[in-house]
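Me: I have a protein model open on my screen and would like to talk it through. Could you help me read it, one question at a time?

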Amino acid sequence: MRPDRLRNPARDELEVLEDQIAIGNGDQDPQKQAGEAGAGCFQRGRDARPTGYWSRDVFLVVAGAPTPARGNLIRSVEDFHGAGRQGNLVEADGAASSASTRSWLPSGAIVLAPMDGVTDHVYRALITSRARPGRISLCVSEFIRVTDRPISDAAILRGCPELSRGGTTQSGVPVMVQLLGGRAEPLAASARRAVQLGAFGIDLNFGCPAKLVNRHDGGAALLKAPERIEGIVLRVRQAVPLDHPVSVKIRLGWESVDEVVPIAVAAERGGASWLTIHGRTKAQMYGPPADWEAIGRARASVSVDVVANGDLSTDSSLERCRDASGCTHFMLGRGPMGRPSLLCGAANGSEAQQLQMLTSMLVEYLERLSAAGNPEYRQVARVKQWLSLGKTQNADVAPVFERIKRLSKRAEVLAALSSG
Ligand SMILES: Cc1cc2nc3c(=O)[nH]c(=O)nc-3n(C[C@H](O)[C@H](O)[C@H](O)COP(=O)(O)O)c2cc1C
């Protein structure tokens, strides 16, 4: 027994778990000790395969999970806190050996980015229905703000209406519920409730640069205190059943790209299932090009998966980002709004086909917005917003935006879209 290793105040989760945990001497069979302790093993991953915890001198098991299978082991206490909880299992027989990472994400995952006021359930339904089969692995909801108390079911369902139909889009793509806030307890309670309501998983937003949000201790404000990120992730991870991921979305830092490594390490230590990193600092907002090399430095310092994000607007940019960062998972926000063939329709179409696809998607978007009960002004505003973001990624979209930017009637917008 090594209780001293449980008393790290920065890791209060373990103290809470203490009475559920059996820690044994590594000289003995973990399976036997787990049985004697009346405990099972730590369970992780979507497939919820039983795992134990093992190092040269201790192993750790958590009550209530299936009996540990020898040879399906996590390396160390550090692993329990970080990568080992989610990713790095050691396929060892009794002693630690080299790590083999198992991932929550399918290989080469593409995640549809959350964009507040843009990527609502209507947008998610449209894009995932038009996407090539298997192209989009996951969506993330726009952020839902959590302040000093847990949010209501209504707020969760408003942010992620897909929960009423199994937590996926109509095309079957799972949606993570994104929460934003700076207080661990209400975030944890809200996260647990969202999962009870059917969320595939929880994404924590530590990247939003909006002044109002940051002034209220949310989003990127937390980047200034990596230990707070660790504490919040721990609490949320503790509250959410282990067969649901808790991912974390960050920027490179508040002011300097050098902040990203300690921030990423803190998120991993908190137990994040994976990290999504937008390759800019809060101070940079959306200014300079995304720094994919800095994402790569963070990736190299953690064992969980890293999803690269920022300025991925062409197939070649995905390749360059892969080369620069080493990442094989990507999150796409504005890119497909300017160049939908990144995700939808035939890949590598001509620019003319690209624009044709875009306008036909916008026509369908208007129909879907209307069917979802959005008033005319909002339908028109949404199309303008799509095009204004899309033109930042593809200059060919600018003329389409110019044609509609002063229109206020739905019928006029439809006519302008068809006139291209
Ligand atoms: C209008 C807008 C709203 C956004 N809202 C969110 C949000 O709700 N949650 C979040 O984590 N990121 C949000 N982001 C950031 C994006 O998810 C993404 O990190 C950023 O746009 C960079 O990726 P991109 O170059 O692929 O667009 C937002 C970005 C924009 C432009």
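What follows is a conversation about this predicted model, moving from the whole chain to single residues.

Me: Happy to start broadly. How many helices and strands does the protein chain have?
Reply: Let's begin with the chain itself, which has 420 residues, 50% of them counting as buried. Its secondary structure comes to 17 helices and 17 strands.

Me: And what share of the contacts with a separation of 6 or more comes from residues 24 or more positions apart?
Reply: Here we set aside pairs that are less than 6 positions apart and look at the remaining contacts in the protein chain. Among these, residues 24 or more positions apart account for 64%.

Me: Which helix gives the most residues to the largest nonpolar core?
Reply: That core has 100 residues, and Ile 202, Val 236 and Leu 275 have the most contacts inside it. At least three of its residues come from each of domain 2 (110-333) and domain 3 (351-419). The helix that gives the most, with 7 residues, is α14.

Me: Let me zoom in on Val 236. Which residues is it in contact with, leaving aside neighbours within four places in sequence?
Reply: Val 236 is one of the residues with the most contacts inside the largest core. With its sequence neighbours left out, the partners of Val 236 are Leu 187, Ala 188, Ala 191, Ile 202, Leu 204 and Val 246.

Me: Back to α14, then. At what angle do α14 and α15 pack?
Reply: Helix α15 covers residues 376-390, and its axis lies 10 Å from that of α14. The crossing of the two helices is right-handed. Their packing angle is about 145 degrees.

Me: How do the residues of that contact divide into nonpolar, polar and charged?
Reply: On the α14 side we find Leu 362, Tyr 365, Leu 366, Leu 369 and Ser 370. They meet Gln 379, Arg 382, Val 383 and Trp 386 of α15. The division is 6 nonpolar, 2 polar and 1 charged.

Me: Is Gln 354, also in α14, buried or exposed?
Reply: Gln 354 is in contact with Arg 339, Ser 341 and Gly 349, leaving aside neighbours within four places in sequence. Its C-alpha is also 9.7 Å from that of Leu 342, 12 residues away in sequence. Because Gln 354 has 21 C-beta neighbours inside 10 Å, and 20 or more are needed, it counts as buried.

Me: Which residues does Val 413 touch, not counting those up to four places away in sequence?
Reply: Val 413 lies in helix α17 (residues 410-418). It counts as buried because it has 21 C-beta neighbours inside 10 Å. Val 363 is 50 residues away along the chain, yet the two C-alpha atoms are separated by 8.9 Å. The residues touched by Val 413 are Leu 366, Val 380, Val 383, Ile 404 and Leu 407.

Me: Is Glu 402 buried or exposed?
Reply: Glu 402 is found in helix α16 (residues 398-404). Its C-alpha and that of Leu 387, 15 residues apart along the chain, are separated by 9.2 Å. Since Glu 402 has 12 C-beta neighbours inside 10 Å, and 12 or fewer is the limit for this class, it counts as exposed.

Me: Which elements do the buried residues of α11 pack against?
Reply: Helix α11 spans residues 292-301, and Trp 292, Ala 294, Ile 295, Gly 296, Ala 298 and Arg 299 are buried there. Those residues pack against β14, α10, β15, β16 and α12.

Me: What is the phi of Met 285?
Reply: Met 285 sits in the loop between β15 and α11. It is exposed because 12 other C-beta atoms lie within 10 Å. Although Met 285 is not a glycine, its phi is positive, at about 50 degrees.

Me: Asp 311 has a positive phi too, near 65 degrees. Is Asp 311 buried or exposed?
Reply: Asp 311 is placed in the loop between β16 and α12. Not counting residues up to four places away in sequence, it touches Pro 289, Ala 290 and Ser 317. The C-alpha atoms of Asp 311 and Gly 335, 24 residues apart along the chain, are separated by 6.9 Å. Because Asp 311 has 24 C-beta neighbours inside 10 Å, it counts as buried.

Note on methods. Residues numbered from 1 in each chain as written. Predicted model: local features only at pLDDT ≥ 70, side-chain atom pairs only at ≥ 80, totals over all residues. Core = buried A, V, L, I, M, F, W, Y, C linked by C-beta atoms within 7 Å. Helix = DSSP H or I, 4+ residues; strand = E, 2+ residues; numbered from the N terminus. Domains from an automatic or database assignment. Contact = placed C-beta atoms within 7 Å. Axes fitted to C-alpha atoms, helices over the stretch in contact; angles between N-to-C directions. Left-handed = near helix turned anticlockwise from the far one by under 90°. Nonpolar A, V, L, I, M, F, W, Y, C, P; charged D, E, K, R; others polar.
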